[in-house]
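Hi,

Here is the structure I said I would pass on. Have a look at it first, and then read on for what turned up.

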Amino acid sequence: PRFAWTRIVESAELDAALATAFAKIQTHMPEAEPTVGQGGAPWFDVALAEEAKHVDATNPGSTNTILDYFNATDHGRPNSIVAWCGAFAAHCMKASQDEFAAASIPTGAAAAANWKQWGAELSIASGVIPRGAVVVLSPTSETGGTGHVGFFVEFPDGGKLVKLLGGNQSKKVTKTDFPKAQIASIRWLELAAAQAGHANFNLPAALEPRRNMAELI
C-alpha cells in the first residue's frame, strides 16, 4: 500500500539522518562519546581503585574485602570465599554512588549470568563499546554454569580478544584477556543515562533500537 511504502521511506530517511548526525557529533563533539571518569561509568573508577589495592583471594589479608563485596548483592555476605566476580561488579556499582548504577544491580547479582539483565544490550558491531560496559562471558570448564562478568577495557590483539577488568580473574581484581568469541552479552546503562540527562551514554547503540530514538534526541 502507498501509505506503508511512504512510512518505509520516511523511516529510512530518519535512520540516515541520525547516522549523519552521529558522524558529525564524533567529528565536532567528541566529548559526547562515552568516557570514563566523566559520568559515563563511575563504577569503572571504583574497579580501578580496587585493582590498585591488589585484592587477591590467595592473600588472607584480602579475605574480608572479598566477602564484603557480597554485601552489595541479595546473596548476603558468605562465610567463606565463593565465586565472586558478580559480587565484585555489584560492589563497584553500589560504591560508585551513582543512583542509577546502584538501583540497577540485578537480582541474583552474585551469579555472573544474571548480569545479562543489567541495562541495555550493546552490539559488538556497534563500533563503540564504552570502557566500563558490563561484559558477560559464556560458561567454560573454569567458570562453571554461571559464566563470568567483568568491565570492558578494550579489544586487544586486533579484536580477537576482549580485555576485562574484574574480580576473581586468576583469583584477583585485575585486567585479563579473554577470547572475544566467549562474549555472551555486552550491557550498558544507556536508557537510564538518557532519561537522567547524562551526556555520556552510548549513542551508536541508541541508533539501532528505534525505541530509544526519543531518549537520544
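Before the details, one cut-off to keep in mind: a residue is called buried when its relative accessible area is under 20%, exposed when over 50%, and partly exposed in between. Asp177, at 35% relative accessibility, therefore counts as partly exposed. Also, please remember that this is a predicted model.

**The overall layout**

The protein chain has 8 helices and 6 strands. Going along the sequence, the pattern is α-α-α-α-α-β-β-β-β-β-β-α-α-α. Of its 217 residues, 44% are buried. If you take the contacts in the protein chain with a separation of 6 or more, 53% of them are between residues 24 or more positions apart.

**The sheet**

The 6 strands form an open sheet, with antiparallel pairing, in the order β1-β6-β2-β3-β4-β5. The edges are β1 (120-121) and β5, and each has a single partner strand, so one side of each is left without a neighbour in the sheet. As a reminder, strands of a sheet pair through backbone hydrogen bonds, either parallel or antiparallel.

Strand β2 (residues 134-137) is a good place to start looking. On one side, 4 bridges join β2 to strand β3 (residues 148-154), and the two run antiparallel; here Leu137 has His148 as its bridge partner in β3. Another 4 bridges link β2 to strand β6 (residues 183-188), again antiparallel, and in β6 the bridge partner of Val135 is Ile186. As for the side chains of β2, Val134 and Val136 point one way while Val135 and Leu137 point the other way, and all are buried.

Further along, β3 and β4 are joined by 3 bridges and run antiparallel. Phe151 is opposite Leu165 of β4.

**Helices on the sheet, and the core**

Helix α2 (residues 42-52) lies across β3, β4, β5 and β6, and runs at about 115° to β5. Helix α4 (residues 85-95) also packs on the sheet, where it touches β2, β3, β4 and β5, and its direction makes about 60° with that of β3.

Which residues have the most contacts inside the largest nonpolar core? They are Trp43, Met93, Trp115 and Phe151, in a core of 45 residues. The elements giving two or more residues to this core are α2, α3 (63-69), α4, β2, β3, β4, β5 and β6. Of these, α4 gives the most, with 7 residues.

Trp43 is worth clicking on. Apart from neighbours within four places in sequence, Trp43 is in contact with Cys92, Met93, Ser96, Ala101, Trp118, Gly132, Phe151, Trp188 and Leu189.

**Salt bridges**

How many salt bridges does the structure hold? There are 5, and I picked out three to describe:

- Asp177 and Lys163 meet through their side chains at 2.9 Å, N to O. Asp177 lies in strand β5 (residues 172-179) and Lys163 in strand β4 (residues 161-169), so the pair ties together parts that are 14 residues apart in sequence. Asp177 is the partly exposed residue from the start of this email, whereas Lys163 is buried, with a relative accessible area of 17%.
- Lys53 and Glu50 form a salt bridge at 2.8 Å, N to O. Lys53 is exposed, with a relative accessible area of 54%, but Glu50 is buried, at 5% relative accessibility.
- Arg77 and Asp68 form a salt bridge at 2.7 Å, N to O. Arg77 is partly exposed, at 37% relative accessibility, and Asp68 is partly exposed too, with a relative accessible area of 36%.

**A polar residue in the sheet**

Last, take a look at Ser185, which sits in strand β6. Is Ser185 buried or exposed? At 4% relative accessibility, Ser185 counts as buried. The Ser185 side chain makes a polar contact with the side chain of Glu121, at 2.6 Å. Leaving aside neighbours within four places in sequence, Ser185 is in contact with Lys116, Glu121, Val134, Val135 and Val136. Two of those names may look familiar: Val134 and Val136 point one way from β2.

Cheers

Technical notes
Residues are numbered from 1 along each chain as its sequence is written. This is a predicted model: local features need pLDDT of at least 70, side-chain atom pairs count only at pLDDT 80 or more; totals for chains, interfaces and linings use all residues. Side-chain values use heavy atoms; hydrogens and water are left out. Buried means under 20% relative accessible area, exposed over 50%, partly exposed in between (1.4 Å probe, protein chains only). Two strands pair if DSSP finds at least two bridges between them. A salt bridge is a side-chain nitrogen of Lys or Arg within 4 Å of a carboxyl oxygen of Asp or Glu. A polar contact is a pair of N or O atoms within 3.5 Å; within protein, one must be able to donate a hydrogen and the other to accept it, and residues adjacent in sequence count only if both atoms are side-chain atoms. Contact means heavy atoms within 4.5 Å. Axes are lines fitted to C-alpha atoms, for helices over the stretch in contact, and angles run from 0 to 180 degrees between N-to-C directions. A nonpolar core is a set of buried Ala, Val, Leu, Ile, Met, Phe, Trp, Tyr and Cys residues joined through side-chain atoms within 4.5 Å.
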